[in-house]
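Subject: The two-chain model, with notes

Hi there,

Here is the model I promised to pass on. Have a look at it first, and my notes follow below.

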Amino acid sequence: MEDLSLHILDIAENSVEAGATCVKIGLIEDRSTDLLKLEIEDNGRGMTPEECQQALNPFYTTRTTRRFGFGLPFLHEACLAAQGQLKVESTPGKGTKVTATFRLSHIDLKPLGDVALTIITLIAGHPDIEWHYYHRRNNFEFTFNTREFKENYPEMAINHPEVLKAIRNYINQNLSILRREHDRSQSL
Amino acid sequence: MPKLTIEELEKLREEVRKTTFIREQTQFRAKINVHMGTCGLAAGARNILNAFLREIEKRGLTDVLVTTSGCAGLCSREPMATIEIAGQAPVKYVDLTEKKAQEIFEKHILNGEIVTAYALGIGSEKTDLT
């Protein structure tokens, strides 16, 4: 995987396969502790402690289409390369939370990539799932969720190409505002 | 933090009032399914999906649906996409690039000609690999 946004898409697809109806994706940049945290939390069927323990083993999978599962192990590699950790917490019947950490200043930290494209890809593939996205940089935060969107624009199909394009631009514009506001506050 | 209104969506909303497009579109001319397992993603599946979206946007089509699915078990031939024209058997395309996606869009989706050079097979039967 070239960048973190592709890992996000990959891990979020696991949530879909676990039957989640709501998936929350968060990116938290904390400059004071030099930490980047990625959280992906779902309300899917969850895993037993045994399955959870095996989750980082690439040659373990519960699926039947192939005999291995590389999604979480790849993310784990990316974390370790940037002096971070990967934590998988799960409760059967309740859901799963994946927390990946990275050292922000680490030279081997993968670029963030196109998160907006990841979000609209998830929406296009699974329009009925409630997707949440939040991005924090120190005290600044941007959030987007499809439930609110559907409430505000009930006449529009969220997976329509024109709508997806508008959502993508909306997320990108807000992320650049987030960066600008944060950087301005730093220079004061 | 100042929050943007989704200006483009406000504009779209106006258009929606004027036309019947967007809501509850059950009659699709074609469905594009891009495979998005770990294998597909590592091979560039997200860019393929984006390429198809671009083709749709460019022409302002409202009856072509783009969706995703997981690994189909043929990881070495990713990126893959399944194209289904309404009323016809689905066609699986393999080893895609953005350029091939564009060609498939123009030939298969717009003109109904299957691009056999990039197709794995027609129908949705399981591939038996050992």
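A residue counts as buried if 20 or more other C-beta atoms lie within 10 Å of its own, as exposed if 12 or fewer do, and as partly exposed in between. Keep that in mind for strand 5 of chain A, and please remember throughout that this is a predicted model.

**Chain A: strand 5 and its partners**

Strand 5 (residues 130-137) of chain A has two faces: W131(A), Y133(A), H135(A) and R137(A) are on the covered one, while E130(A), H132(A), Y134(A) and R136(A) are on the uncovered one. In a regular strand the side chains alternate between the two faces of the sheet. Strand 5 of chain A runs parallel to strand 1 (residues 22-30) of chain A, with 8 bridges joining them; in that pairing I25(A) has Y133(A) as its bridge partner. Strand 5 of chain A also pairs with strand 6 (residues 140-145) of chain A, here in the antiparallel sense and over 6 bridges. R137(A) sits opposite F140(A) of strand 6. The hairpin of strands 5 and 6 of chain A has 2 residues between the strands, and N138(A) takes a positive phi near 50 degrees there.

**Chain A: helix 6 and a loop**

Does the length of helix 6 fit or clash with what 1.5 Å a residue predicts? The 27 residues of helix 6 (residues 161-187) of chain A should span 39 Å, and the end C-alpha atoms are 39 Å apart, so the two agree. Buried residues in this helix include V163(A), L164(A), I167(A), Y170(A), I171(A) and N174(A).

Q83(A) is worth a glance too: its phi is positive, about 55 degrees, although Q83(A) is not a glycine. You will find Q83(A) in the loop between helix 3 (71-81) and strand 3 (86-91) of chain A. Q83(A) counts as partly exposed because it has 15 C-beta neighbours inside 10 Å.

**Chain B: the fold**

Chain B has 4 helices and 5 strands, in the order α-β-α-α-β-β-β-α-β along the sequence. Of its 130 residues, 36% are buried. Among contacts in chain B between residues at least 6 apart in sequence, 68% join residues at least 24 apart.

Strand 1 (residues 30-35) and strand 3 (residues 81-85) of chain B pair antiparallel over 5 bridges, with I83(B) as the bridge partner of I32(B). Strand 3 of chain B is also joined to strand 4 (residues 91-93) of chain B by 3 bridges, and these two run antiparallel. In that pair, A81(B) stands opposite Y93(B). The hairpin of strands 3 and 4 of chain B has 5 residues between the strands, with G87(B) at a positive phi near 85 degrees.

A89(B) is in the loop between strand 3 and strand 4 of chain B. A89(B) is exposed, because 12 other C-beta atoms lie within 10 Å. Further on, D95(B) lies in the loop between strand 4 and helix 4 of chain B, and D95(B) has a positive phi near 50 degrees without being a glycine. There is also a cis peptide bond between E78(B) and P79(B), with omega about -5 degrees; P79(B) is in the loop between strand 2 and strand 3 of chain B.

**Where the chains meet**

The contact takes 30 residues from chain B and 36 residues from chain A. On the chain B side, helix 3 of chain B gives the largest share, 6 residues. By class, that side has 18 nonpolar, 7 polar and 5 charged residues.

The largest nonpolar core has 77 residues, and I8(A), A12(A), I119(A), I32(B), I48(B) and F52(B) touch the most other members. Helix 4 (residues 115-125) of chain A supplies the largest share of this core, 8 residues. Leaving aside residues up to four places away in sequence, I32(B) touches F52(B), V64(B), L65(B), V66(B), A81(B) and I83(B).

**How far to trust it**

The model scores ipTM 0.86 and pTM 0.88. Chain B averages a pLDDT of 83, and 78% of its residues score at least 70. Among the elements of chain B, helix 4 (residues 98-111) has the highest mean pLDDT, 96, and helix 1 the lowest, 67. Over residues 19-23 of chain B, pLDDT stays under 50. Where pLDDT is low, the predicted coordinates should not be read in detail.

Best wishes

Technical notes
Residues are numbered from 1 along each chain as its sequence is written. Chains are lettered from A and ligands numbered from 1 in the order in which they are written. This is a predicted model: local features need pLDDT of at least 70, side-chain atom pairs count only at pLDDT 80 or more; totals for chains, interfaces and linings use all residues. Two residues are in contact if their C-beta atoms, placed from the backbone, lie within 7 Å. Ala, Val, Leu, Ile, Met, Phe, Trp, Tyr, Cys and Pro count as nonpolar, Asp, Glu, Lys and Arg as charged, and the others, Gly among them, as polar. Two strands pair if DSSP finds at least two bridges between them. pLDDT is the predictor's confidence in each residue, from 0 to 100. The expected span of a helix is 1.5 Å times one less than its number of residues. A nonpolar core is a set of buried Ala, Val, Leu, Ile, Met, Phe, Trp, Tyr and Cys residues joined through C-beta atoms within 7 Å.
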